[in-house]
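I opened this one to see what the packing and the backbone would tell me. My notes follow, in the order in which I looked things up.

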Amino acid sequence: MHFHHNGYVSRDPRIHDAAGYGIDRATELPETMDVLIVGSGPAGMIAAAQLSQFPEINTRIIERRNGRLELGQADGIQARSVETFQAFRFAEEIIREAYHITEMSFWKPDPTHPENIVRTARPIDDPHDISEFPHLIVNQARILDYFADFALRSPGRITPDYGIEFITLTVEQGEEYPVKVTLRHTAGEREGEERTVRAKYVIGCDGARSGVRKAIGRTLAGDASNHAWGVMDVIANTDFPDWRMKCAISSKNGSILHIPREGGHLARIYVDLGEVPLNDNHAVRNTPIKEIINRANAIYHPYSIDVKDVAWHSVYEVGHRLTDHFDDVDTEERGTRTPRVFITGDACHTHSAKAGQGMNVSMQDGFNISWKLGHVLSGRAPETLLDTYSGERQEIAKNLIDFDKEWSTLMATPAEELPSPEYLEEFYVKTAEFPAGFMTEYKPSMITGGTEHQSLATGYTVGKRFRAARVNRRENAYPRFLGHDAAADGRYRLYVFADAAHPASDESKVKALSDFLTQDARSPFIKHRPDGSGFDTRIEPLVTYQHLHTEFETTDAPAAFRPLVGSRQVEYWENIYCTLPGEDIFEQRGISREGVVVIVRPDQYVGAVLPLTDCEGIADYFDRVFI
């Protein structure tokens, strides 16, 4: 953690000084604002947390509830989300609190006594070692709490305005605040009162029945399933031996997806309620909890559960629906006007809970649009950046729905009807990277380059997330995962992997690169640096050498990687790294020994891979993304 650069700090260093609109944040929702976020679910709260790092932007978030969420319906946290939490500085806390999934048990009918179930497989949860972060289960409400804490500690001091619901909106082109929004108070002395506010941009994070989606004329299209599931969070006594293991259970009486919860006792159980008649008219949603418990006991047989408490339960029918765009600009208008309204999460894509992706994908939606709005409204980037949101995230949602259709169908298929007895387990292992959140690969755009130099760093695929690997921090020989210290502060990262020359040698290509970055007028660190700001204000430079830490001095690294920071203008050494004995990042990530530059976007995705000597390529990339 970086502090003391503006003088000695003795308080909690996670609390930043208020700035901009955070200095005297209005308690009353103002008449005009830059960004209005509708809904304080996962997408809304991560958007607020990210925009709290841009205190010069007036951001507000409204929520129709009159207080924080107490009981969340989502609970699965994939490793990609934990990576994201690391950037928001609460990964360690949530890892301590959560239930950890390390393997999954598969249960099927006993061949000799088919009325009973038996355990048939126990594949590990991350068979391909795709992340150093764990797969977690934790209450959605706690995730929202952590994002709320981050937003409150950040310079923007953003907190939700509770007790206000969205009614409708219209976009009036040409106005300074073109989005006219009608709201209604749902609590307090003003309950029932309607009012109108104006915003430059609106982010709709208001769920599957989204009013924002309806207001911009988007509709969810897709297939409605005729299969229903009951879900319940229960505390129970049981003789089922895998009560505290994630399980996929297929029995002659139906299927269960069994997920232990944090805290040591609670479990979430998805219970197959079978086919729903076409004329049911959603009557299955009224299935009583007692019937769900009885059906669960029939599936667990010969084991049983004695339910002591039901914390929450619901019934839903699997539906897979998607909107054609995630903003208010139609295809034929794209490029002719700036999108003003964006939708995220369940507002633009719905699917089953079986793949555990709802909250995870929603958070990536919110992260994606919020840093882009931050860059546009702070004057860093052109408005055309906002067109990339719908283009990037709509395709990802489509891929998720395709995957979820297959997985949820397999979960409800009797074991004897599968292609082979091991088919479900094999599918789980084979596709592990997708539900873990690591198959996202953005296509070329103004912020994502091409693959012409991909061979220089095969482990850092352009368009995919920057995958961490262990290195050694040179200043104090402290092993770190490269990438873990990158905060969600809105900055790009310039990861430089050095050539084989000694850092102090005149032959070092890193020295020549540093001269360009610190002295050339085309350098993005000069051209796009705001007047009076620090060298690394918009781009953070990092270098990793092929040498061990005992083979060179920290001061051998050139000036670009020892920038002067803070009001005291002191050198910053923590971004100078080297290899660890037996853990060569160059080998692990397929990095050329000639050296390479990897540019990473503010949302942790690789924007470009370039040769170490390609100064023009670096300049061209940042000329596209910055004004």
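**Entry 1: the annotated domain**

I began with the record: an unreviewed UniProt entry carries the annotation "domain: Phenol hydroxylase-like C-terminal dimerisation" over residues 440-626. I kept in mind that the model I am reading is predicted. For residues 440-626 I noted 16% helix and 22% strand. I also looked up the end C-alpha atoms of that stretch, which are 24 Å apart.

**Entry 2: the cores**

Next I asked myself which residues have the most contacts inside the largest nonpolar core. I found Phe88, Phe147, Tyr492, Leu494 and Phe622, in a core of 109 residues. Apart from that core lies another, of 24 residues, and Ile117, Ala228, Ile269 and Ala296 are among them.

I then picked Leu494 and listed its neighbours, leaving out residues up to four places away in sequence. Leu494 touches Leu517, Phe525, Ile539, Glu540, Pro541 and Leu542. The list for Leu494 goes on with Val597, Val598, Ile599, Ile618 and Phe622. I was pleased to meet Phe622 again, since Phe622 is also among the residues with the most contacts inside the largest core.

**Entry 3: Ser131**

Is Ser131 buried or exposed? I have it down as buried, because its relative accessibility is 8% and the cut-off for buried is under 20%. Ser131 sits in the loop between strand 6 (117-121) and strand 7 (135-137). A polar atom of the Ser131 side chain lies 2.9 Å from the backbone nitrogen of Phe133. Leaving out residues up to four places away in sequence, I found that Ser131 touches Ala79, Glu83, Asp126, Phe438, Arg465 and Arg467.

**Entry 4: backbone oddities**

I finished with the backbone. Most residues other than glycine have a negative phi, and most peptide bonds are trans, so I went looking for exceptions.

- His301 and Pro302 are joined by a cis peptide bond, with omega at about 20 degrees. I placed Pro302 in the loop between helix 6 (289-300) and strand 16 (305-322).
- His4 has a positive phi, near 80 degrees. I found His4 in the segment before strand 1 (32-38), and I noted it as partly exposed because its relative accessible area is 39%.
- Arg157 has a positive phi too, near 50 degrees. Arg157 belongs to the loop between helix 4 (140-153) and strand 8 (160-162).

Technical notes: Residues numbered from 1 in each chain as written. Predicted model: local features only at pLDDT ≥ 70, side-chain atom pairs only at ≥ 80, totals over all residues. Heavy atoms only, no water. Core = buried A, V, L, I, M, F, W, Y, C linked by side-chain atoms within 4.5 Å. Buried < 20%, exposed > 50% of the residue type's maximum accessible area, 1.4 Å probe, protein only. Contact = heavy atoms within 4.5 Å. Helix = DSSP H or I, 4+ residues; strand = E, 2+ residues; numbered from the N terminus. Polar contact = N/O pair within 3.5 Å; in protein donor to acceptor, adjacent residues only side chain to side chain. UniProt positions renumbered as here; feature names shortened; annotations may be inferred.
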